[in-house]
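Please find below a short note on this structure, written for a colleague who is coming to it without earlier acquaintance. The points are numbered so that each can be taken up separately.

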Amino acid sequence: MGFLGAGLIANAHANGLTGSPVPITISAVYDPHHQRAQNFAERFATRVAPDVEAVVEASDAVYVCTWTSEHRRLVERVVAASRAVFCEKPLATTLADATALAEAVHRAGVVNQVGLVLRHSPAFALMGRLVRDPAAGRVVSVVFRDDQYIPTQGMYESTWRGDAAKAGAGTLLEHSIHDIDLIEYTIGRIVSVNARSTNYHEIPGIEDVMVAGFGLAGGGIGSLLSIWHDNLARPSQRRVEVFCEHRYVSLENDWHGPVRWQDATGGEGGYEGADLVAAAASSLPPLGHPDHAFAAAVAAGTPAYPDIAIALRAHVVADAIYRSAAARGQAVDCG
Ligand SMILES: NC(=O)c1ccc[n+]([C@@H]2O[C@H](COP(=O)([O-])OP(=O)(O)OC[C@H]3O[C@@H](n4cnc5c(N)ncnc54)[C@H](O)[C@@H]3O)[C@@H](O)[C@H]2O)c1
């Protein structure tokens, strides 16, 4: 496995790979920030490569973990050499670039995975099962809230999230691309949106609040609130409430809940922590850890999950949300 980018998420993936049941070697790392590359190489016992090509040459698979505006160019170079690729989310800063990236990967026919890691979350897997259970009835409405301290104030040891040329946009694209994907993965297909955004921090091109109303294929409606605030005392937190015809389901926190439900018939329950992990096991993709799953897919030459085609769909919805917000809430179809 080679690494392009040696920052926060590259370290997280390399750390994840250290426990992989399929043995792997980290072949090389390249980052123009030399000290970061050096630190990464020392931590994961690998070497610093002089450029992108040297990483591609030395690797069967490459993690693209740079800021977003570099993803398309680098993924295209990786797959042109027929190497497997793991691309971080978001795929790109625009829908056009995300589409071109996805087409290049598809044409190359290589194993590919994307950093929509919450598809491996036990909490979301359990929530999805409770919502899709026929006993729940149809989804009537959803409230999905995602709040995070704005990541431009130093907590992330990087500044690119405040630069629209590198990040593309703000809280919706950079952070809540996960949420769009999670709504479609656990609840239903989004067929239309109407959105409003604000920019309290006045960073050009970086919205810090997005509120998107959405219509679901089954007829339900919901809202997604994505906010970057200044309350550093709060961890990044998701809270979801789903009202189905015969069941209410709630989720707090990204991985280990609690997830609770209440049925119209009087039944109710909830899971948290290790109990939740056990209860969700049958609904999770095989190999619980996203990096272990990628390593296994690369070794076997089998499709990885979630792949870049799944991520492209989230970009289609994100693009519709930005177009709606630009038109001050006008409805935009994205079915
Ligand atoms: N899946 C997730 O939950 C998750 C979490 C955090 C970040 N991310 C995504 O991961 C990506 C990186 O975020 P981060 O927090 O690690 O940023 P970071 O600033 O910590 O690291 C990015 C690194 O990329 C390097 N870089 C820039 N251009 C490069 C190039 N051409 N070749 C090699 N290296 C290059 C930079 O020097 C920097 O060190 C972003 O797209 C971000 O949205 C995903």
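The points below take up the ligand and its surroundings, and then one residue in a loop.

1. The reader should keep in mind that this is a predicted model. Within it, the ligand is surrounded by 26 residues, and the closest of these are Leu8, Asp31, Arg36, Arg161 and Glu174.

2. As for polar contacts with the ligand, a backbone N or O atom of Gly115 is placed 2.9 Å from a ligand nitrogen atom, while a backbone N or O atom of Thr66 is 3.4 Å from an oxygen atom of the ligand. From a side chain, a polar atom of His178 lies 3.1 Å from a ligand oxygen atom. On its own the ligand has 850 Å² of accessible area, of which the protein covers 92%.

3. Two or more residues of the shell around the ligand come from each of the elements α1 (8-17) and α4 (71-80), and it is α4 that gives the most, with three residues. By residue character, the shell divides into nine nonpolar, nine polar and eight charged residues.

4. Is Ser27, which has a relative accessible area of 18%, buried or exposed? Ser27 is found in the loop between α1 and β2 (28-30), and because its relative accessible area of 18% falls under 20%, Ser27 counts as buried. When its neighbours within four places in sequence are left aside, Ser27 is in contact with Met1, Gly2, Thr46, Arg47, Ala58 and Ser59.

Definitions and conventions
Residues numbered from 1 in each chain as written. Predicted model: local features only at pLDDT ≥ 70, side-chain atom pairs only at ≥ 80, totals over all residues. Heavy atoms only, no water. Near = heavy atom within 4 Å. Polar contact = N/O pair within 3.5 Å; in protein donor to acceptor, adjacent residues only side chain to side chain. Areas by Shrake-Rupley, 256 points an atom, 1.4 Å probe, with all protein chains shown as cover. Helix = DSSP H or I, 4+ residues; strand = E, 2+ residues; numbered from the N terminus. Nonpolar A, V, L, I, M, F, W, Y, C, P; charged D, E, K, R; others polar. Buried < 20%, exposed > 50% of the residue type's maximum accessible area, 1.4 Å probe, protein only. Contact = heavy atoms within 4.5 Å.
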